[in-house]
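Colleague: Could you take a close look at one part of this model for me, the cysteines and whatever sits around them? A connected walk-through would be great.

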Amino acid sequence: MKLKQGSFLWYLYLDKIYCLLSVRNVKALMEYFQLLDVHRKNTLNDVLFFHFLHHVTNLNRPQIMIIFDMLDWNAVGEIGFDQFYMLVCILLSHQNHLEEQFIYRHSRPVFELLDLDGDLRISLDDLKLYNFLFNIKKQELKELYHNFDITGDH
Amino acid sequence: MEEKPSKASGESLVHHGSEESHQQSDIRKLWTTATLSQMNLNLPLSKVEEWSDTDGSSFCHQKSGVDPGDNNFKQELDEHTLSKLELHRGRSLGSNLEERESRTEAEKSSSMSSLSILKQTPHRAYWAEQQNRLPLPLTELMENEAVEILTKALQSYRSGIGKDHFLTKQLQRSIEGLKKRRNKRLHVS
């Protein structure tokens, strides 16, 4: 996954330690979000979200829709600014090769996002589904599960 | 016979008290103006005191409405008060000429420095606005990108829900609004 060079998101600066945007950057992002929010509902529907992500990244349609479903965890068919902000932070951390740092700093929100069925467990399949977003290698995933799966039920 | 001196001392006390309170308030006011008009706040204390002293004398005369050259003002005060005032004002109650000079100098310096501050530092509201506003190139980039994304979304809307749907119309209106805003800015610059 790559951000389109010269796009608006490309100019945002992600703090390398906290993996967050500055207040000024968040304000700018909010203005950007409001420009895209044409129906004035403080949300983006799937069509707008797809065209936004398709425009600023090289992700394909299935990948974009997987992300949309992940962010729209309560299935309202729209995503708000909170989710949008988190997505932008994930994209920027990927762009800056800070995925590990991002997961370390925001482990709980990341866990909640990846825990699709809400049973407080992330399966190997769930993680494989999103490895394009967090850039987790297959071998690393296997090792991770081997080390932490103490109950042996995967 | 005995009452007179006590009365006189009472008067002097009243005079002294009122004068002192006047001077205290004067000094306090001038202290703030003096610090405001200074560009460099790390000045030595002696220098600041010197400034406030000269300013203090000029302000006192202005407020009392008496010309510095008028001797009636001095005659009204008894010796005790005068000596106290002497202590406070220091050399400022010396010759009238010196006093006038120092007053004009102080006024000049304060007005000059406040003018230079006005020229150098922008107004607070202007500064806040500058801090809160996005840089113009970034705003332009943002709007151009939004127009591109929304135009693509409009095509999807038209093919998906039809061109007469209110959501399609709403989207079209917002694209037109963005384009208008962009053209306006282009014409201004």
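By the sulfur-distance rule, how many disulfides are there over all chains?

Modeller: Zero disulfides over all chains. Before the details, some housekeeping. This is a predicted model, so local features need pLDDT of at least 70 and side-chain atom pairs count only at pLDDT 80 or more, while totals for chains, interfaces and linings use all residues; side-chain values rest on heavy atoms, with hydrogens and water left out. Residues are numbered from 1 along each chain as its sequence is written, and chains are lettered from A and ligands numbered from 1 in the order in which they are written.

Back to the sulfurs. A disulfide is a covalent bond between the sulfur atoms of two cysteines. The rule used here asks for a pair of cysteine sulfur atoms within 2.5 Å. A:Cys19 doesn't make the cut because the closest cysteine sulfur, in A:Cys89, is 8.2 Å from its own, too far for a bond. Seen from the other end, A:Cys89 is in no disulfide either, with the sulfur of A:Cys19 being the nearest cysteine sulfur to it, 8.2 Å away. As for burial (under 20% relative accessible area is buried, over 50% exposed, partly exposed in between, using a 1.4 Å probe and protein chains only), A:Cys19 is buried at 0% relative accessibility, and A:Cys89 is buried too, at 2%.

What A:Cys19 does have is a histidine for company. The side chain of A:His106 reaches the backbone oxygen of A:Cys19 at 3.1 Å. A:His106 sits in the loop between α5 (99–105) and α6 (107–114) of chain A; helices (H or I, at least four residues) and strands (E, at least two) are DSSP runs numbered from the N terminus. With 14% relative accessibility, A:His106 also counts as buried. Setting aside neighbours within four places in sequence, its contacts (heavy atoms within 4.5 Å) are A:Tyr18, A:Cys19 and A:Leu20.

Zooming out, chain A has nine helices and two strands, running α-β-α-α-β-α-α-α-α-α-α along the sequence. Of its 154 residues, 46% are buried. Among contacts in chain A with a separation of 6 or more, 58% join residues 24 or more positions apart.

Then there's the partner chain. Chain A and chain B bury about 2,000 Å² between them, 66% of it on carbon and sulfur atoms; that area is the accessible area (1.4 Å probe) that two parts lose on being put together, summed over both. On the chain A side, the elements giving two or more residues are α1 (23–36) and α2 (46–56), and α1(A) gives the most, with seven residues. The contact takes 21 residues from chain A and 24 residues from chain B.

For one spot on that interface, try B:Leu178 in helix α8 (residues 166–188) of chain B. B:Leu178 is buried at 5% relative accessible area. Not counting residues up to four places away in sequence, B:Leu178 touches A:Leu35 across the interface, plus B:Glu143, B:Ala146, B:Val147 and B:Leu150. B:Ala146 is 32 residues away from B:Leu178 along the chain, yet their C-alpha atoms are separated by 8.5 Å.

Technical notes:
Polar contact = N/O pair within 3.5 Å; in protein donor to acceptor, adjacent residues only side chain to side chain.
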